[in-house]
Structure formats: structure tokens, C-alpha cells
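I opened this model to look up its salt bridges and its nonpolar cores. My notes follow in the order I checked things.

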Amino acid sequence: MFRNFRAHRFAALVVLVAAAAWVGTGEFASVGSQEKAASETAGNDSTPKEAEVSNLRTVAVITPTFTDHAREIRVSGATQPDKQAVLAARASGIISSLTIEKGQIVPADTLVMTLEGPELSAAITNAETMLAQVRRTADVTEKLFANGNTSESKLIADRASVASAKAALSQATAASDRLKLTAPFTGFVDTVKVERGEWLQAGTPVAIILSLDPIVVRADISELDIGYLKVGDKAAVRLVNGRKLEGTVRFVALDAEPKTRTYQVEVALPNPERSIPSGMTAEVSLYAAPVRSVTVPRSIITLSDDGDLGLRVVDADGVANFAAVELIDDTPMGLVLAGVPDGVRIIVSGQDLVKDGDKVLTKDATSGLIGEISQ
């Protein structure tokens with residue numbers, strides 16, 4: 001048993017020494033390792049240029065493909081009417097006529113309800129009679145004053161009587177108008193809360209009218225995404241019943257909700273047949289303005305010494321540098337970045353083994369060919 005134990009320890013020691021020797025050679029992979037094969041095969045016959053190449057590090061690169069990417073922002077919302085009005089009695093009285101029913105479509109300015117008010121009709125007649133009388137008196141006074149047969153104070157008093165009669169007629173007419181209730185816009189009668197013959201106080205709710213064309217989807221957008229949206233942007237809406245529609249952003253709030261720190265956005269959808277009801281759950285896809293960008297694997301993102309997000313790139317002279325970028329979107333295909341410079345190739349392997357200003361050899365990550373350094 002003692003002999004077996006010593007044999008195992010001796011075998012482990014041999015493996016450890018062999019592994020250390022292999023690690024010391026530094027030969028792990030072609031990408032990111034020192035290119036020594038050229039100098040070993042050339043021997044003493046190598047030129048200064050070949051010696052320089054042999055000391056360069058090799059990195060794998062890709063040539064960026066630029067596209068215009070519109071960032072998609074998905075949020076949940078609900079449909080709501082474009083307008084909603086609670087019609088209320090403007091005066092107290094008994095309902096003499098009620099012309100609307102629940103579920104009806106009423107045009108704008110339609111007479112909805114009338115209250116009884118015979119005393120107001122009499123008040124209007126009396127005010128009209130008084131106005132006609134004081135006008136005749138004032139006309140006679142004007143002629144007498146023009147001929148010098150009456151005083152100026154009499155003329156001023158009659159003119160004041162005419163103005164007072166006009167005001168009384170206006171008040172009586174306004175009081176009579178308050179007996180009538182009209183629809184402020186074309187809409188759907190959602191609720192009728194009164195009946196004909198019922199006595200109402202001023203301010204009593206009579207009916208609720210909804211304007212459903214267009215229908216509006218209201219959603220809350222995070223403070224990180226609100227800067228990408230503006231009025232007039234296109235939006236795709238998917239209703240809970242599976243129906244898909246296209247709409248337009250018509251409102252973007254500039255004041256956040258205090259509790260949620262979100263901003264309200266409204267998307268208007270055409271609804272001429274009023275087939276989309278209010279209160280339906282909807283998924284909204286909003287699209288920011290297209291940005292010139294590049295889609296790259298998540299694994300190649302790196303940070304600068306200052307903590308900036310970016311990539312390692314190689315310029316036309318084969319020199320590696322750091323390029324700061326802006327994250328536009330995160331898609332299943334990879335990260336969408338803006339700010340990638342023109343005329344560079346992106347390092348996709350070995351980027352953590354080089355620093356700014358290093359001259360490198362490049363291997364095309366798609367073809368595996370070693371690129372020639374610039375002369």
C-alpha cells in the first residue's frame with residue numbers, strides 16, 4: 001500500500017512539471033499569442049521587417065456593416081376615448097324632453113335635454129317689451145335735445161334706461177338658454193342617468209358621451225426611453241384580442257408621474273366604425289428615429305480606463321485603438337451600437353490583450369486569413 005501511494009505522488013509530480021513547462025512556452029492559441037513561428041523557421045536569415053512582424057500580436061477582426069436601426073420600445077397600455085364628457089343640468093327644473101338613449105350616436109350640437117321654464121319665457125317677453133318702450137322714449141328725447149328743447153341730463157337718463165333694458169333682456173335670454181342641454185361633440189352615448197319628468201338640480205349628471213374616433217392608447221414610458229420619442233412617430237399596437245393596428249404618437253408628456261417616474265404617451269388609432277371599445281388592454285411598440293449603427297456580439301464589448309463603453313478597433317495602418325460607442329438597443333442578434341468610426345475593423349477576439357497604439361496582425365474572423373500589415 002505504501003508503494004502504491006508513493007507511485008501516485010510521483011506520477012502527479014511528473015504531470016505538474018510537464019504542465020508548468022507547457023504554460024511557460026506561452027503557446028495557447030493563434031489569436032492573442034505572439035507569432036514566433038516565422039522567426040523560428042527563418043533562423044538567422046530573417047530580415048528586420050520579418051523580425052518586426054514576428055513580434056506582433058494577432059487578433060481576430062470583422063468589418064462592420066452599418067445599417068439604420070430604429071429602436072423598438074414595447075410597453076403595455078389601454079384604450080381610452082379621445083374625448084369624454086359628463087353632461088350636467090345647467091339649471092334646476094323638470095325635464096320636459098329627453099332626446100337621447102344609451103348606445104346612440106349623437107352629432108355635435110344636438111339638443112339632448114330641455115327643462116320646463118314658462119316663467120323664463122314670460123321674462124323674455126317682458127324684457128323685450130320694456131326695451132321697445134325705453135327706445136321710443138329715448139328717440140323722442142334725442143330729437144328734443146337736438147332742437148334745444150330738453151336738458152342733457154334727460155338725454156343721459158333715457159340712454160341709461162335703454163342700456164338697462166338691453167341687459168335685462170340678455171339675462172332673461174341666458175336663463176332660458178340654460179334650460180337646454182346640447183352635445184358638445186359627435187359621440188357615443190355611454191350612459192343616460194335621468195328620465196323624462198324627473199326634477200333636477202343644477203349640476204346633476206345627465207349623460208356620458210364618448211368620442212371613439214380616433215381611439216387613444218395611453219401607456220407609460222420609462223425615463224430612460226422617453227428621450228427617443230416625439231409627436232408624429234409611428235407606432236404598432238396589438239390589442240388583447242390579437243388585432244393589430246398602426247397608429248401615430250400624438251402626445252408625449254414632459255412631466256413625470258411623481259410615484260413611478262414614468263411619462264405618459266398617447267397613440268391615436270383610427271376607429272371609424274367604433275369597433276375598438278374603451279378600456280381594452282393593448283401592447284404598444286414604439287419606434288425611435290433610425291440611427292446609423294452596427295450590430296455586434298455582446299462578448300466583444302469592453303471598457304476604457306475611464307469606464308466608457310466601447311470597442312477595440314484596428315485602423316487602416318493596423319494600429320489598435322479604443323472607440324467609445326453608444327448602446328442603442330439589445331436585440332436577439334446582438335448589441336446595436338452607434339458611434340463606430342468609419343474605416344476601421346472591430347476586434348472580436350484578443351481585444352483584452354492589446355492597448356491603444358499597439359500595432360497588430362489581423363485575422364478575418366469569418367475567413368480565418370491573416371491580414372497583411374501596412375507597409
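I count a salt bridge where a side-chain nitrogen of Lys or Arg lies within 4 Å of a carboxyl oxygen of Asp or Glu. The model is predicted, and I read every value below with that in mind.

Entry 1, the network. I looked for salt bridges that join up, and found Asp82, Arg218, Arg250 and Glu266 linked in one network. The structure holds 12 salt bridges.

Entry 2, one pair from that network. I took Arg250 and Glu266, whose side chains meet at 3.0 Å, N to O. Arg250 sits in strand S12 and Glu266 in strand S13, 16 residues apart, and the pair links distant parts of the chain. Is Glu266 buried or exposed? Glu266 has a relative accessible area of 9%, so I put it down as buried. Arg250, at 34%, is partly exposed.

Entry 3, a helix pair. I next checked Arg159 and Glu142, which form a salt bridge of 2.8 Å, N to O. Arg159 belongs to helix H5 (residues 152-177) and Glu142 to helix H4 (residues 118-146); the two are 17 residues apart and again link distant parts of the chain. Arg159 has 46% relative accessibility and counts as partly exposed. Glu142 is also partly exposed, at 30%.

Entry 4, a third pair. The side chains of Asp233 and Lys230 meet at 3.0 Å, N to O, in a salt bridge. Asp233 is buried because its relative accessible area is 8%, where buried means under 20%. Lys230, at 47%, is partly exposed.

Entry 5, the largest nonpolar core. Which of its 28 residues touch the most other members? I noted Val237, Val267, Val284 and Leu286. Elements that give two or more residues to this core are strands S3 (72-88), S10 (205-222), S11 (234-239), S12 (244-252), S13 (262-269) and S14 (281-287). S10 supplies the largest share, 7 residues.

Entry 6, the surroundings of Val267. I left aside its neighbours within four places in sequence and listed its contacts. They are Ile215, Val216, Val217, Ala235, Val237, Gly247, Thr248, Val249, Val284 and Leu286. Val237, Val284 and Leu286 in this list also appeared in Entry 5 among the residues that touch the most other core members.

Entry 7, the other core. Apart from the largest core I found another, of 22 residues. Leu87, Ala89, Leu115 and Ile209 are among them.

Notes:
Residues are numbered from 1 along each chain as its sequence is written. This is a predicted model: local features need pLDDT of at least 70, side-chain atom pairs count only at pLDDT 80 or more; totals for chains, interfaces and linings use all residues. Side-chain values use heavy atoms; hydrogens and water are left out. A nonpolar core is a set of buried Ala, Val, Leu, Ile, Met, Phe, Trp, Tyr and Cys residues joined through side-chain atoms within 4.5 Å. Buried means under 20% relative accessible area, exposed over 50%, partly exposed in between (1.4 Å probe, protein chains only). Helices (H or I, at least four residues) and strands (E, at least two) are DSSP runs, numbered from the N terminus. Contact means heavy atoms within 4.5 Å.
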